[in-house]
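These are my notes on a model I opened today. I wanted to look up the make-up of one chain first, and then how charged side chains are placed.

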Amino acid sequence: MKHNALLGIAFLLVGLVACKKDNSVTPSDPLTVQEVDNLFAPNDEIDRETGEILQTNDFVKFSFSTNGIVTDDSWDLAFKGTKILVNGGTGSDNVNRNGNGGAIIKDGIFEEMTTAPDDGEYRQDSGTDLAIPTGSNNGWYVYNDAAYLITPIAGKVIFVRTHDGKYAKLEILSYYKDAPATPDPFTDQAATYTFRFIYQTDGSKNLQ
Amino acid sequence: MAGCDQSFSQEDSIRMFVDESEVIITAAKMSRTQEKLPIPVQVIGKREIQQTGAVRLQDILQQQSGINTVSMLGTGVQMQGLDPDYTQILIDGEPLTGRSGGTLDLSRIVLGNVQQIEILKGPASSLYGSNALAGVINIITEQPGGSGFLVRSMLSPVQAPNLQAEIHHGTAKFKSSLFADYTYSPGYDLDPETYGKTVEPYHQMTIHGKLSAQLSTYTKWTASVRHVNQTQWNAYEVTNPADVVTGNTYQKEWLAATGMHHYWNEHLKHSLRVSYSTFNQDLLLVRQESQQVEESLRFFQQFIKPEWQQELIFRDLTWYLGAGGEWEQVQSDRYEVTRRRAHPYGFTQLEWQRPTWQMLASARYDNYVDIASSLSPKLSLKYHLNDQWSVGAGWGQGFKVPDFRQLYLNFANSVAGYQVLGSAELPTVLADLESQQLIDQYLVNPDLFGEMQPERSNSGQFFADYHDKRGNRMQIQAFRNDIRQLIETLPVARRTNGQLIYSYLNLNKVYTQGIEWSGSWMISPQWQLKSSYQYLQARDKDVLTSIDQGKVYRRNPETLRTERLTRKDYGGLFNRSAHQAQIQLTYQSRGGWSVQGRCIYRSRFGFADLNGNSILDAASEYVPGYGIGYLSVQKYWKSWIFKGGVDNLTNYHNATYLPQIPGITPFVGFEYQFDFHSDK
């Protein structure tokens, strides 16, 4: 009996908490759009003649909850050159994926896409097939081989399930330092991300 | 030379401005005046060519509105917004050979012995087959007559010098002529900061001989041989590692044609023509420091084309029937084996000439054995409202078969790091690479690349025509071309070494439409004003569909945030100007002077996508509009003509996007003609 009573109180509490939560969410204030400027994630340095790797660089791991770079396993996205990893799945890049993260790229306008997609839609990394695909015009960027320029494709919104199962959406704005309107690949530092994102702390799919 | 002494009447002045023989051959494969043709044809006559001092075809075409010269592997012509691949270029009715990447380089065609240039815009596949989807430019050279000779020389910073000579001899039965042109151009440099010139030096020799013999009252035999030999220098800089590339491009072109024409009676005429043409291109570019070969090419193309024609005249009806075949062969180090194709064709045309209206209906059947056969019909009508005004309409279908390059090319540029494969070569090469595990990734499903289809067009036009006895003319025309199965170059796969593999695919649906206006006005017997204008829209239909579905985006250049494109933002196909205009004022004095000022304007045009959505939309993706002024003076004196002038008065230039336009170019020249006797 005593056990049952405790359980009852627990249910009641949960119910209360849930109700309270619902009440606060329904007329939700819009979440704030945050921006990350100049996240520098250089690729390995490669000798262009021989293809030999001169210097290996680590992935730069980003966490939405802290809006900053982390070094432990609580990362959500990891950047290196044009490659972006999620904290979920498997990979051949010596990065530990202990989380249940995932990502899916959707076409549309950042502001208009207010709900995170269903869980079934998220992809995880597997080997060389990344949730956020690499390659020109495959994922988030296009490479202009005449101008040597990486440009984030307009209208690509990346939805991310974080390592701990929360949701975020982001739009990459620039691949070059200080996000110049017309970057010069010879003078502007590449692999320097500027993106904006909305991160939902409460675990819901609301991203408005 | 037209005499400018003696009495001077209104009639004379018209004859001075309007070229004597406004007879057009191209539109109906028969000699017809513009008034009797239900198809508008633009004619550039000898007088106009002489007045401008133009030496090469591109020099004169650059000054026309509704025609655009574009620099893509040579200087090509863009008509009604369609690329150089789609315009057939003929000399005396015989197609010229030797396209690089689809472009027939206009600089290989000199104008010294040209009688007139006929420009037929809109589909002409119903008479001329593949490649005439956008139209035909027929260069009519002078018919030999009389005996005499002519020497001409032009001197300018880009033609230093141009020398021309022509000798002709004729009797009542036998006529012959031989024309030669030599040009050396030191090239020009619009951007001295970079190594190499914008256009490197070249020299070019053209020889054109013509014969005709009246074998009997009813039988005529003609023959002609044309040869062009061009050497083009090349010099440019490369990086990674820094080096300098130099070398020559050698191009040789032969065109030999012969024909027999026989009138059985006043109703029936038969012609048999055979032409043989070759094009030879050799290229060797070497990195000077490392002595590595940067690029090399050996290319030899041959065509044989016999054609039989029958003309049957019955009262106001002319029925035309023709059949022929074309054998094409290409040997090149960029092709696995020698490639050949043969295709038979037949065409028919019915012309109906009534006092108040004309009708022209034609159709041609081309059977390309390995690809597809095509039936190209065309119907044109014209109605004369009164002596001055007429209105007309036309509809036609055109096609262009994939060329050998699009089918069989197998070219790897290891230096620049890419490979281009014709669609027929692609499957075997991909299978081979796949078995060796050399393919990193497919960028497009390779199964999409298969049998290639001809590109096809469906076109319509309306026009209204005004002309009066005082020599005033006006024409307004609206046109629309819908093209489907347009062949695009697409990256198919990436190799493990990072190199991209490109191939060709029938992909796009586009349309071009516009309005063209041209007019000439005799202000006084001495003054003539001419002007023309073209408004053009050229759009990719698939892009329009995507825009309507709200699926096309771009980045706001300031906030870098994504915004959705509207139809208004879409600038259409690259390298097309919405507005093109030309105005020209000519003064002809009684004393043999003529002075001409010309101005052309071309509005902004897109050059490349910069913001990553692969379409033309941002202001930074356009080359700004420009105007160019020309001035020329000519003096007739006895058997001499002296001329001088300045092209590009305002020194407009754009080394990157308009390398074919040199800066300010003064020129001088003379012509001396001697006739032993005239049989005119």
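I read the elements of chain A from the N terminus on as α-β-β-β-β-β-β-β-β-β-β-β-β-β, that is, 1 helix and 13 strands, where helices (H or I, at least four residues) and strands (E, at least two) are DSSP runs numbered from the N terminus. The model is predicted, so I note that local features need pLDDT of at least 70 and side-chain atom pairs pLDDT 80 or more, while totals for chains, interfaces and linings use all residues. Residues are numbered from 1 along each chain as its sequence is written, chains are lettered from A and ligands numbered from 1 in the order in which they are written, and side-chain values use heavy atoms, with hydrogens and water left out.

For chain A I noted that buried residues make up 40% of its 208 residues, buried being under 20% relative accessible area, exposed over 50% and partly exposed in between (1.4 Å probe, protein chains only). Of the contacts in chain A with a separation of 6 or more, 57% come from residues 24 or more positions apart, a contact being heavy atoms within 4.5 Å.

Next I looked up salt bridges, defined as a side-chain nitrogen of Lys or Arg within 4 Å of a carboxyl oxygen of Asp or Glu; the count over all chains is 46. In chain A, I found A:Asp125 and A:Arg97 joined by one at 2.9 Å, N to O. A:Asp125 lies in the loop between β8 (102-107) and β9 (141-144) and A:Arg97 in the loop between β7 (83-86) and β8, so the pair ties together parts that are 28 residues apart in sequence. A:Asp125 is buried at a relative accessible area of 2%, and A:Arg97 counts as buried at 11%.

In chain B, I noted a salt bridge between B:Arg287 and B:Glu294 at 2.6 Å, N to O, with both residues buried. B:Lys305 and B:Glu307 meet at 3.8 Å, N to O, and they belong to a network of salt bridges with B:Lys29, B:Glu94 and B:Arg273.

Last, I turned to B:Lys643 in strand β39 (residues 640-647) of chain B. What is the nearest side chain of opposite charge to B:Lys643? I found B:Glu671, 4.5 Å away, and B:Lys643 is buried yet has no salt bridge, with Lys and Arg counted as positive, Asp and Glu as negative, and His and the chain ends not counted. The backbone oxygen of B:Gln50 lies 3.0 Å from a polar atom of the B:Lys643 side chain.

Note on methods: Polar contact = N/O pair within 3.5 Å; in protein donor to acceptor, adjacent residues only side chain to side chain.
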